[in-house]
Amino acid sequence: MKFPLSLAAVLPACVLALSACSSVAPATGSGATAVTPASAQDVRQLGQIVDLRSGQRLSAEQLLAQLAAAPRVIIGEQHDQLSHHQIEQWLLQQLQGQRPQGSVLLEMLNPDQQVKVDKVKPWLQTDPVVRPEHVAELLAWQPSWKWAQYGELVMTVMRAPYPVWSANLDRSEIKQLFIDQPAVQGKHSNLANDGKVHDKLKDIIRVMHDNQIDAPRLAAMLSVQQQRDRRMAERLLAAPAPAVLIAGAYHAHKDLGVPLHVQDLTGGPAPLVLVLAQQGATVLAPQADFVWFTPAVTAAAAAAVASAK
């Protein structure tokens, strides 16, 4: 298929859009300033947790009990929210204390980084004195995932005894998918579902491009987004259980992303889904099992914290 622009020109926009598609839209408002890495007590008191299945508010400990009992959990985050990564770090530390963790999967890692992860992880478990920034270099950490946001979470999982798996596509795979635009197979994730999944994803992509996107590029981005979801689902199912996948919120949504592909691949139930969202965002029961609302942080405040690190 011929595109109005070259693949080299549009691919960065495609990747950027897909990354943006992985966030719950933040609420507008004055916004609290972001905080430095939270203690266990700070995290437990951060925001509000709701069981969307019952509408009941939960304590952090009650949420942990629910997550600990599930063989597979997906945590959906807003990528630029430091508090979300602090919560993820706390949850993983606490879950490991309640039962052995089988594995953790990160959207932020590509397959071509897996060999580096597997090499660095045993060394880190010997507790060497090392700068976190050097670990980022050894992992070939991608600059698009701000290390100031993810560094402490990554160091936690890399020093832990369980395996860490990549959950994304390589850039070379994305390039080819952008050209080929293969459709995923499965009644939950493709057009057999009355086109609802495709329509919702297209709407999200359009919004991320201010409605300035032509039909060929929209179709290509839709294909890449769903293939990323399918890859995450495949990796989650293959990973040692209990497994936790950390990804953008739209990837985590039960009505749009990875859970649909898990159902397609297994014919069974979806994994348990926790979405982290800023206060004021809308997260409904069809999208997640639990939502943890965090104080709203303005983009300027988040940037100030990141630059200070």
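**View 1. Ring pairs link W141, W145, W147 and Y150 into a cluster.** The model shown here and in the other views is predicted. A search of the whole structure finds 4 aromatic pairs. One of them joins W141 to W147, edge-to-face, with 5.4 Å from centre to centre and 75° between the planes. W145 and Y150 make another edge-to-face pair, in which the centres are 6.0 Å apart and the planes stand at 90°. A pair of aromatic rings is described by the distance of the centres and the angle of the planes.

**View 2. The four residues of the aromatic cluster, W141, W145, W147 and Y150, in terms of burial.** Buried means under 20% relative accessible area. W141 has 9% relative accessibility, so W141 counts as buried. W147, at 17%, therefore also counts as buried. The value for W145 is 7%, so W145 counts as buried. For Y150 the relative accessibility is 1%, and Y150 therefore counts as buried.

**View 3. The second largest pocket has a volume of about 230 Å³.** This pocket is lined by 10 residues, and the closest to its centre are P132, E133, W147, G151 and E152. Two elements each give two or more residues to the lining: α6, which spans residues 132-138, and α7, which spans residues 147-159. Helix α7 supplies the largest share, 6 residues. Sorted by class, the lining of the pocket holds 4 nonpolar, 3 polar and 3 charged residues. W147, one of the residues closest to the pocket centre, is also the partner of W141 in the edge-to-face pair of View 1.

**View 4. Strand β8 covers residues 290-294 and is largely enclosed by the rest of the structure, because 5 of its 5 residues are buried.** The side chains of β8 are divided between two directions. F290, W292 and T294 point one way, while V291 and F293 point the other way, and all are buried. Strand β7, residues 272-278, pairs with β8 in the parallel sense over 5 bridges. Within this pairing, V275 has V291 of β8 as its bridge partner.

**View 5. Strand β1, residues 48-51, runs antiparallel to β8 and is joined to it by 4 bridges.** D51 stands opposite F290 of β8. V50 has V291 of β8 as its bridge partner. V291 is thus a bridge partner of V50 in β1 and of V275 in β7.

**View 6. Strands β1 and β2 form a hairpin with 4 residues between them.** Strand β2 covers residues 56-58 and runs antiparallel to β1, with 3 bridges joining the two strands. V50 stands opposite R57 in β2. G55, in the turn of the hairpin, has a positive phi of about 80°. V50 therefore appears in two views: here opposite R57, and in View 5 as the bridge partner of V291.

**View 7. K121 lies over the face of Y162.** The distance from K121 to the centre of the Y162 ring is 5.5 Å.

**View 8. D180 lies in helix α8, which covers residues 171-180.** With a relative accessibility of 47%, D180 counts as partly exposed. D180 and V224 are 44 residues apart in sequence, and their C-alpha atoms are 9.7 Å apart in space.

Notes: Residues numbered from 1 in each chain as written. Predicted model: local features only at pLDDT ≥ 70, side-chain atom pairs only at ≥ 80, totals over all residues. Heavy atoms only, no water. 1 Å grid on protein atoms, 1.4 Å probe; cavity = no way out; pocket = protein on both sides within 12 Å on 5 of 7 lines; lining within 4 Å. Points joined across faces, edges and corners; volume = space filled by probe spheres on them. Nonpolar A, V, L, I, M, F, W, Y, C, P; charged D, E, K, R; others polar. Buried < 20%, exposed > 50% of the residue type's maximum accessible area, 1.4 Å probe, protein only. Pairing = 2+ DSSP bridges. Phe/Tyr/Trp six-rings, centres within 6.5 Å; stacked < 30°, edge-to-face > 60°. Lys NZ or Arg CZ within 6 Å of the ring centre and 35° of its normal.
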